[in-house]
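Trainee: I have a model open and would like to learn how to read its strands, helices and cysteines. Could you walk me through it?

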Amino acid sequence: MKRNFKELVGKMTLEEKAGLCSGLDFWHTKPVSRLGVPSVMVSDGPSGLRKQDMAGDHLGVNDSIKAVCFPSGCLTACSFDADLMRNVGEILGDECQAEDVAVILGPAINIKRSPLCGRNFEYLSEDPLLAGTLGAAYVKGVQSKNIGTSVKHFAANNQEFRRLSCSSNIDERALREIYLPAFEETVKEGNPDTIMASYNRVNGVFAVESKWLLTDLLRKEWGFKGFVVSDWGAVNERVAGLKAGLDLEMPASGGDTDKQIVQAVKSGKLSESVLDKAVERILRIVFKFTDSRQEGNFDKKAHQAAAAKIAQESMVLLKNDSNLLPLSKKKADDILFVGAFAKTPRYEGGGSSHINAWKVDSFLDAAKEAGVSVKWLAGYDINESKAKDKALLQEAVEAAKNAKVVVIFAGLPDCYESEGYDREHMKMPQNQDVLIDEIAKVQKNVAVVLHNGSPVEMPWANKVKAILESYLAGGGVGTAQFNLLFGDANPSGKLAETFPLKLEDNPSYLNFPGNGNDVNYAEGIFVGYRYYDKKNMQVLFPFGHGLSYTKFEYSDLKLSAKKITDAETLEVSLKVTNVGRREGKEIVQIYVAPKTPFREVRAAKELKAFSKVSLKPGETKTVKMTLAKRAFAMWSVALGDWFVPSGEYEILAAASSRDIRLSQKVNVFSTQRLPLKVGPNTVFEELMELEGAYEVAKPIIAAATKGMTGGSDRGESSKAAVSDEMILGMIKSMPLRSLRSFGSMSEADVEKLIEHINKKLGC
Ligand code: BGC
């Protein structure tokens with residue numbers, strides 16, 4: 001149905017228009033009945049439907065309808081699989097249609113800056129490319145069912161501490177290279193119906209009031225077409241927000257802010273056309289939903305099975321010495337399973353994403369369902385963190401002595417991580433660490449299965465043979481764990497974040513969570529592996545790491561060219577062979593490493609493409625990926641744009657960020673020139689680096705050298721004391737004005753020279 005939205009807006013009164021810009025209640029937009037504008041419902045998200053029928057709240061306090069709980073973002077991201085993410089979105093889209101929900105509040109794609117952020121379990125990755133690719137896939141999946149998405153939390157909302165007021169202070173390069181690209185990709189690729197503006201301030205300005213974020217960047221630069229909604233209760237000054245580009249305030253404002261908008265228009269402080277635009281954007285999405293309703297599907301049984309499969313495809317086998325896993329069902333009698341989480345798993349995080357799970361399969365349920373009888377002991381009390389109850393511990397340690405293998409289910413209790421507050425440390429409850437330690441003393445075949453939303457320290461990592469990371473795996477957690485542990489499925493997830501050895505190693509450690517008003521992102525672009533790699537630090541498990549029950553070999557890395565310009569693309573191809581005896585999936589990662597030194601610091605390498613391939617035993621497949629300008633670029637503050645420093649780049653084909661299998665070099669030439677207007681404080685090196693400037697700079701350098709060396713030919717002893725290289729090194733960082741002191745030039749001569757250079761360079 002073709003609608004004329006401008007005409008519709010034209011028929012609305014000022015009060016109706018202002019009213020449409022805030023919620024009816026917690027979850028609905030306002031109707032305008034006389035004009036046939038319906039009220040539509042929005043619901044959390046992102047990993048299942050949290051539709052609250054009765055009392056609404058945004059902290060997951062009140063019950064919502066029973067729904068299928070999908071794995072949290074921390075786990076699905078480890079799939080490195082855009083098709084899988086799209087599938088999650090499609091299923092959720094179907095459920096929304098069935099439940100009359102117009103917009104699901106997700107995906108949540110903020111970068112994991114610190115392992116302590118209470119909401120990391122919802123977020124996807126420390127890497128912007130991975131978060132953006134998967135975010136866009138989720139959006140496409142949901143929206144293919146004519147349901148809207150709300151990409152959140154825009155922007156730089158990387159902690160929970162004082163999240164409603166704190167300012168994330170970030171330099172321009174880090175914003176552009178780390179914190180914004182996932183949103184950029186999701187907007188450009190996914191075309192989401194809505195974006196949720198975050199609670200926090202960014203460089204002092206509330207995100208909900210930032211014209212730069214909500215209009216200049218989002219709409220003008222990235223081409224966003226939908227509406228911007230505030231995070232629940234994020235509005236500070238309503239009229240300022242509307243002017244900046246915040247269309248819908250959620251939840252209801254009790255009418256106060258509607259009145260403020262009306263007043264502002266009447267008094268001339270707000271142009272009515274700004275309001276009209278916001279109203280039109282909201283109406284377009286409201287009617288997009290109601291005009292294209294399709295049959296929904298909330299087949300809970302089928303969706304639960306899908307959720308288990310998604311978890312299974314994403315869990316990460318972190319360690320598997322002497323192939324302890326998979327376990328044999330025939331020898332199940334020899335295995336002791338320990339840990340309260342095997343019976344009562346932790347499978348989702350707390351807060352607004354909390355699903356009222358229709359069904360949760362524990363590992364013990366799944367074993368029973370499969371007809372495998374297992375020996376199990378609790379080992380610890382989930383509700384206690386101190387190793388107080390010695391009886392449970394002793395019972396487990398005694399039994400462990402007589403088993404052939406012990407599998408311990410461990411992890412973080414609910415209260416350890418949630419929306420609304422951050423973690424204080426990265427440790428597991430002490431009673432669980434002690435249990436693993438004590439069992440490892442009496443048993444050499446120990447496997448640990450983890451349940452956590454974010455990395456934990458593992459002081460026992462070297463004492464156990466195997467570790468399976470389940471993260472927060474949703475309602476199908478036990479089924480996925482059972483299938484992976486017993487080898488009915490082959491692990492194929494890889495870490496979407498680094499596990500540091502200890503919290504203090506994390507780059508944000510000295511600046512997290514800030515002083516309450518401000519948090520300074522002093523580590524700049526060095527987030528996650530970008531930091532650990534640059535500093536060549538040991539980590540517990542690196543970004544991109546994950547094992548399989550089979551082995552993969554990489555060969556034949558080929559690049560389509562040895563030299564390209566930044567306007568051309570580079571085709572990368574390589575062969576991957578399954579050299580083991582089981583079918584499996586490998587996630588091939590392509591990192592780009594700049595090799596030519598550049599004035600601005602760059603990461604040692606960055607993930608620029610990835611692909612997941614499924615291979616039968618003995619099978620080889622050719623994997624192809626394309627690298628374009630952004631794969632080589634950094635953000636240039638001087639240019640206000642992406643810029644590729646000319647030089648050599650290494651293309652690394654890798655099984656993880658620390659497992660580089662093949663590499664090839666390419667030379668990339670920039671078609672852009674960094675702007676440089678030469679002045680008295682321009683240093684010689686800047687001149688020398690500028691294309692075409694060296695010729696101009698040569699005589700000046702000669703003059704300066706002469707000035708520095710006193711003008712006469714230098715004798716051998718003088719050359720030994722200060723070599724020509726040393727002089728050049730000193731001159732490089734001298735400003736042109738030094739020619740007055742060392743180049744025997746007058747002030748007027750220097751000025752003339754500067755004019756001459758600028759003319760020559762066309763600056
Ligand atoms: C959260 C959002 C959520 C909203 C509605 C807020 O507290 O930050 O992610 O969508 O509540 O529940």
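Mentor: Happy to! Keep in mind that this is a predicted model. Let's begin with strand E11, residues 335-338.

Trainee: Which residues of strand E11 are buried on each side?

Mentor: Ile335 and Phe337 are buried on one side, and Leu336 and Val338 are buried on the other. Both faces of E11 are thus covered.

Trainee: Which strands does E11 pair with, and in what sense?

Mentor: E11 pairs in the parallel sense with strand E14 (residues 405-411), over four bridges. E11 also pairs with strand E13 (residues 375-377), again in the parallel sense, over three bridges. Phe337 is a handy residue to follow: its bridge partner in E14 is Val407, and in E13 its bridge partner is Trp376.

Trainee: What about the sheet with E1 in it: what is the order of its strands?

Mentor: That open sheet has five strands, in the order E1-E3-E4-E6-E9, with parallel pairing. Strands E1 (42-44) and E9 (227-230) stand at the edges with a single partner strand each, so one side of each has no neighbour in the sheet. From one strand to the next, the twist averages 30°. For a look inside the sheet, take E4 (residues 148-154) and E6 (residues 194-197), which pair over three bridges; Phe154 stands opposite Ala197 in E6.

Trainee: Now helices. How should I read the pattern of buried residues along one?

Mentor: Here is the general idea: an α-helix has 3.6 residues a turn, so residues three or four places apart point the same way. Our case is helix H23 (residues 747-761), where Val750, Leu753, Ile754, Ile757, Asn758 and Leu761 are buried. These residues cover an arc of only 130° around the axis, which puts them on the same side of H23. On the other side, Glu751, Lys752, Glu755, Lys759 and Lys760 are exposed.

Trainee: How far does H23 reach, and what follows it?

Mentor: Its 15 residues reach 21 Å from the first C-alpha to the last, close to the 21 Å expected at 1.5 Å a residue. Gly762 follows H23, with a positive phi near 70°.

Trainee: Last topic: how many disulfides are there?

Mentor: A search of the whole structure finds zero. The test is whether two cysteine sulfur atoms lie within 2.5 Å. For Cys415, the closest cysteine sulfur is in Cys117, 17 Å away, which is too far for a bond.

Trainee: Is Cys415 buried or exposed?

Mentor: Cys415 is exposed, with a relative accessible area of 54%. Cys21, on the other hand, is buried, at 0%.

Key
Residues are numbered from 1 along each chain as its sequence is written. This is a predicted model: local features need pLDDT of at least 70, side-chain atom pairs count only at pLDDT 80 or more; totals for chains, interfaces and linings use all residues. Side-chain values use heavy atoms; hydrogens and water are left out. Buried means under 20% relative accessible area, exposed over 50%, partly exposed in between (1.4 Å probe, protein chains only). Helices (H or I, at least four residues) and strands (E, at least two) are DSSP runs, numbered from the N terminus. Two strands pair if DSSP finds at least two bridges between them. The expected span of a helix is 1.5 Å times one less than its number of residues. The arc is that of the directions from the helix axis to the C-beta atoms. Axes are lines fitted to C-alpha atoms, for helices over the stretch in contact, and angles run from 0 to 180 degrees between N-to-C directions.
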